[in-house]
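Please look over the sequence and the coordinates shown here before reading on. The report is concerned with the fold of the chain and with the surroundings of its ligand.

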Amino acid sequence: MVWYKRKENIAGGIIAAVAVTLILGLSLGLTRRQKTIKSTFFSRCEKFKEHDCQKLWDLFEKAHVNKDPCNVPVEAYDPLIAAAPFIPDCKKMMFWSGTKDVVHDLTAKRKDCYFTLEDTLLGSILDGLMWCGKNGKDDTFTTGCPGWSDCENNPVRSFWKCASAAYADAACGDVTAMLSGSTTTPFDPESIFASIEVTRLKAPRVSSLNVVMVLQMNAKSDCTNASLKNLQNQLDPNITYSCKDVAEHRVEQCGSQPQIMCGSCW
Ligand code: N1C
């Protein structure tokens, strides 16, 4: 009888210990994740000295915290964008679609030639991050969030739409856009470049849009692709359009050889 009871006690103890470990682990995990996006936000923000990062974080959270993660409209990020005005080098502006890695490898090395949204304060803080709020919760979450295409009004997509619109509005002079020859529709109507940025480029502020079609081995499309006709139709008719097919290794060369003049990269 006594032996039986002791066995019960041991089993109860084990169950309690497992439960405590699970609860502790779970809450620690949550705070750690929570800390991660906040600390990433602050450490990236603090690299740009002249900004009030706490104010930006508060505005960032206000846009999505305690909201249905599929119901965050683009305008929710207006106050955040307004608090961190874009000061892009408007003459060097580079847009992209489907070519993120190639473009950022290049722009990291050729800041003398090109400037992207990720080189602005908010673009660099939120690049590559995933976040959302939840109804009835006061935190920013980084897991269990809707994916890019799960619902239109998800916080990440709404932020990039809002930021891209402000970024395109600021463009001037000769603008470059790197599109991907690895897809059959390089000018994809669903993309932010096609749906937001192109139509906001305005003459005479912007004089030309120069498309670089980045071609890898076995490319599926080039400058003759039908989708580029749509691009030309959507573009302000007073902006001069050009398109050049450029092998990916040539784009990489431009990054690795700083002696190449900006205008002679391809
Ligand atoms: O939908 P896209 O490309 O056409 O968007 C790219 C376009 C660029 O010109 C940028 O100015 O829109 C802007 N932009 C970003 O700067 C950006 N940084 C990171 C849009 N999306 C951005 N991201 C992430 O890339 C975003 O979270 C989503 O996952 C992709 C969209 O890239 P895409 O489809 O290649």
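What follows describes a predicted model, beginning with the chain and then turning to the ligand.

## Overall architecture

The chain has 266 residues, of which 44% count as buried. Its secondary structure consists of nine helices and four strands, and these elements, read from the N terminus on, follow the order α-α-α-β-α-α-α-β-α-β-α-β-α.

## Location of the ligand

The ligand sits in the largest pocket, where 16 residues surround it, the closest being Ser97, Gly98, Glu118, Ile192 and Glu197. At least two residues of this shell come from each of three elements, namely strand E1 (94–97), helix H6 (155–169) and helix H7 (192–197).

In chemical character, the shell around the ligand is made up of eight nonpolar, four polar and four charged residues.

## Polar contacts and coverage

Oxygen atoms of the ligand take part in several polar contacts, which involve both backbone and side-chain atoms of the protein. A polar side-chain atom of Ser97 is found 2.7 Å from a ligand oxygen, while a polar backbone atom of Trp96 lies 3.0 Å from an oxygen atom of the ligand. In addition, an N or O atom in the side chain of Trp160 is 3.4 Å from an oxygen atom of the ligand. On its own the ligand has 610 Å² of accessible area, and the protein covers 83% of this.

Definitions and conventions: Residues numbered from 1 in each chain as written. Predicted model: local features only at pLDDT ≥ 70, side-chain atom pairs only at ≥ 80, totals over all residues. Heavy atoms only, no water. Near = heavy atom within 4 Å. Polar contact = N/O pair within 3.5 Å; in protein donor to acceptor, adjacent residues only side chain to side chain. Areas by Shrake-Rupley, 256 points an atom, 1.4 Å probe, with all protein chains shown as cover. 1 Å grid on protein atoms, 1.4 Å probe; cavity = no way out; pocket = protein on both sides within 12 Å on 5 of 7 lines; lining within 4 Å. Sits in = over half its atoms within 2 Å of the grid points. Nonpolar A, V, L, I, M, F, W, Y, C, P; charged D, E, K, R; others polar. Buried < 20%, exposed > 50% of the residue type's maximum accessible area, 1.4 Å probe, protein only.
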